[in-house]
Amino acid sequence: MGAPGPVLGIETSCDETAAGVVGPDGRILSNVVFSHTVHAAYGGVVPELASREHAGRLPAIVNQALDQAGIGIGDLAGIAVTAGPGLVGCLLVGVAFARAVAKVRNIPLLPVNHLEGHAHTPAMTDPAIDYPHLVLIASGGHTSLVLVEKVGVFRLLGQTRDDAAGEALDKVGKWMGYDYPAGPALDQAGEHGNPNAVAFPRAKFEGQGYDFSFSGVKTAAAQDWEQRQSGKRPPIDRADWVASFETAIVDALCDSLFRAAGDFSIRTVALAGGVARNSRWRRMVSAWAEHTGRKAVVPPPDLCADNGAMIAGVGLYQWRPDMGDASGVDAVPNWELGKPMPVGV
Ligand code: KG4
Ligand code: ZN
C-alpha cells in the first residue's frame, strides 16, 4: 500500500539545510536547499558551525518547502529524515525535528540512509528507468558504485579507499585559491581547457575491482601546481591545467562505471551526488552511452547535490501505515548503504 498523501523529506547531514516534498505519485512538489556559506573561509565544513546553521534555519526551510508544495503540515502522510551517514551533530538536528513533528502529528517517521537518497535520484529523474541499473554516487564525502537490483535493493560494487572524488577536487581547488567547495569553480575554469595538457596519474588496483583512490592524484596535482607557481616547472594555461586535473578524476570514475556495465551486462547507467553536476563528467558519460548503445540517466543539477526531495522519495517507497514509535529513530553517523538502520547506537 502506498502513502495516502505527500511525504516531507529533511536533510541535514552535512552543510546543506534542505527540505522537500513528494506527492503520493512520487512527483516532486518542492525542493528547498540552503547551502551554508559560513564554511567558505575555512576551506572545509566546520561541524559545530554546520549544526548551528541547521538548528537556526531548518524550521523556515521546512515552512518554505510546505508552502511551495501548496500544502500544510496537516496534509503530510509521513516525514522522512536523513538518519546517516553524516556528521552526528548535524544529523541530530534533523532527526530531533522530524521526531517531534511525527509525534505531534501522529504520522510515520521514516529514517533514510543519505546514500540511498542519492542512489534513488536517477529513478526520480526517470520513473521508467530499467532495473537493474548502475549508479555512481560521487560527492564531497562519498564515491560509491552501486548496482540497484530493484527499488530499494542495492549491491555495493566499489568505493573509494581514501579521498572522495569531490574531496580531491575541493582540496586541490583550495590550494589554487578557490573558496570551499571548489568543484563548481573548477568546472567553470576548466571548461574550454585542453584535457591532455598535463598527464596526471590514475590509480590502478590489482585484480581490477571497482574501487577508487583519489589521494594519489590529489597529491600529484598539489605538487605540480606548487612547482608551476614557484617556477620549478614551466607555466601553463589555467584552463588547460584544470581541464587535465578534472579529466584525471572523471576518467577514474568512468573507468569503474563502464567496466562494471560491461561485466554485468547493464544497459542503464546513472550518476548521482554533487560531483554529478560536473559538465565534463556528464558529457563524457552521455557520449559513452550513445556510442555503446546504452542509456545514461543524469539527474538535473538540483537533484544531484544534497536535497530533501531525494530523502522524501525514499521515504515514500518505505512508507507503511504501521511504522511504529518514532522515538526509536536516532542519528547513525556510519550507517552503510543497504544495511538496516542499526538501533541502539
Ligand atoms: O552531494 P553533495 O552536495 O554533498 C555531499 O554529500 O558531499 O556534494 C558536494 C560535492 C563537493 O565536493 C563539490 O565541490 C562537488 O560536489 N561539486 C562539483 C560541482 N558541483 C558540486 N564538482 C564538480 N563539478 C561541479 N559542477
Ligand atoms: Zn550527499
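Is T160 buried or exposed? In this predicted model, T160 counts as buried, at 18% relative accessibility. The cut-off for buried is under 20% relative accessible area, and T160 is therefore placed in that class. T160 is found in the loop between strand 8 and helix 4. Two polar contacts involve its side chain. One reaches the backbone nitrogen of D162 at 3.2 Å. The other runs from a polar atom of the T160 side chain to the backbone oxygen of F212, at 3.5 Å. F212 also appears among the residues that T160 touches, together with T143, S213 and F214, when residues up to four places away in sequence are not counted.

The loop that holds T160 also holds D163. D163 forms a salt bridge with K218, and the closest N and O atoms are 2.6 Å apart. This pair links distant parts of the chain. D163 sits between strand 8 (153-159) and helix 4 (165-175), whereas K218 belongs to helix 6 (residues 215-229). The two residues are 55 residues apart. Both D163 and K218 are buried.

Helix 6 also contains G216. G216 counts as partly exposed, because its relative accessibility is 40% and the partly exposed class lies between 20% and 50%. G216 and D162 are 54 residues apart in sequence, yet their C-alpha atoms are 9.4 Å apart in space.

Salt bridges number 14 in the model. The pair of R202 and D251 is one of them, with an N to O distance of 2.6 Å. This pair, too, links distant parts of the chain. R202 lies in the loop between helix 5 (183-189) and helix 6, and D251 lies in helix 7 (residues 238-263). The separation along the chain is 49 residues. Neither partner is classed as buried: R202 is partly exposed at 34% relative accessible area, and D251 is partly exposed at 28%. Elsewhere, salt bridges that share partners join D224, R228 and R233 into one network.

A salt bridge within a single helix is formed by E48 and R52. Their closest N and O atoms are 3.2 Å apart. Both residues lie in helix 1 (residues 47-69). They are 4 residues apart, about one turn of the helix. E48 is partly exposed at 48% relative accessibility. R52 has a relative accessible area of 54%. R52 is therefore classed as exposed, since that class begins over 50%.

Which residues supply the protein donors of the zinc ion (ligand 2)? The donors are H114 (NE2), H118 (NE2) and D306 (OD), at 2.1 to 2.2 Å from the ion. In sequence, these residues follow the spacing H-x3-H-x187-D. H118 and D306 link distant parts of the chain. H118 is in helix 3 (residues 114-125), while D306 is in the loop between helix 9 (301-304) and helix 10 (309-318). They are 188 residues apart. Both are buried, with relative accessible areas of 0% for H118 and 12% for D306.

Why is the arrangement around the zinc ion (ligand 2) irregular? The 4 donor atoms subtend angles of 90 to 149°. A tetrahedral arrangement needs all angles between 85 and 135 degrees. The upper end of the range, 149°, therefore rules out that class. Square planar geometry needs opposite donors over 155 degrees apart, so the angles here do not meet that rule either. The ideal angle for four tetrahedral donors is 109.5 degrees.

Helix 3 also contains E116. E116 is buried yet has no salt bridge. The nearest side chain of opposite charge, R320, is 9.9 Å away, and a salt bridge needs its atoms within 4 Å. A polar contact does involve E116: a distance of 3.5 Å joins its side chain to that of Q318. Q318 is also one of the residues that E116 touches beyond four places in sequence. The others are G152, F154, V314, Y317 and L337.

A further long-range pair involves helix 2 (residues 88-105), where A100 lies. A100 is partly exposed, with a relative accessible area of 40%. The C-alpha atoms of A100 and S327 are separated by 9.0 Å, although the residues are 227 residues apart along the chain.

Note on methods: Residues numbered from 1 in each chain as written. Chains lettered and ligands numbered in written order. Predicted model: local features only at pLDDT ≥ 70, side-chain atom pairs only at ≥ 80, totals over all residues. Heavy atoms only, no water. Buried < 20%, exposed > 50% of the residue type's maximum accessible area, 1.4 Å probe, protein only. Donors = N, O, S within 2.8 Å, 3.2 Å for Na, K, Ca; no water. Tetrahedral: all angles 85-135°; square planar, octahedral: opposite > 155°, others 65-115°. Lys, Arg positive; Asp, Glu negative; His and termini not counted. Polar contact = N/O pair within 3.5 Å; in protein donor to acceptor, adjacent residues only side chain to side chain. Contact = heavy atoms within 4.5 Å.
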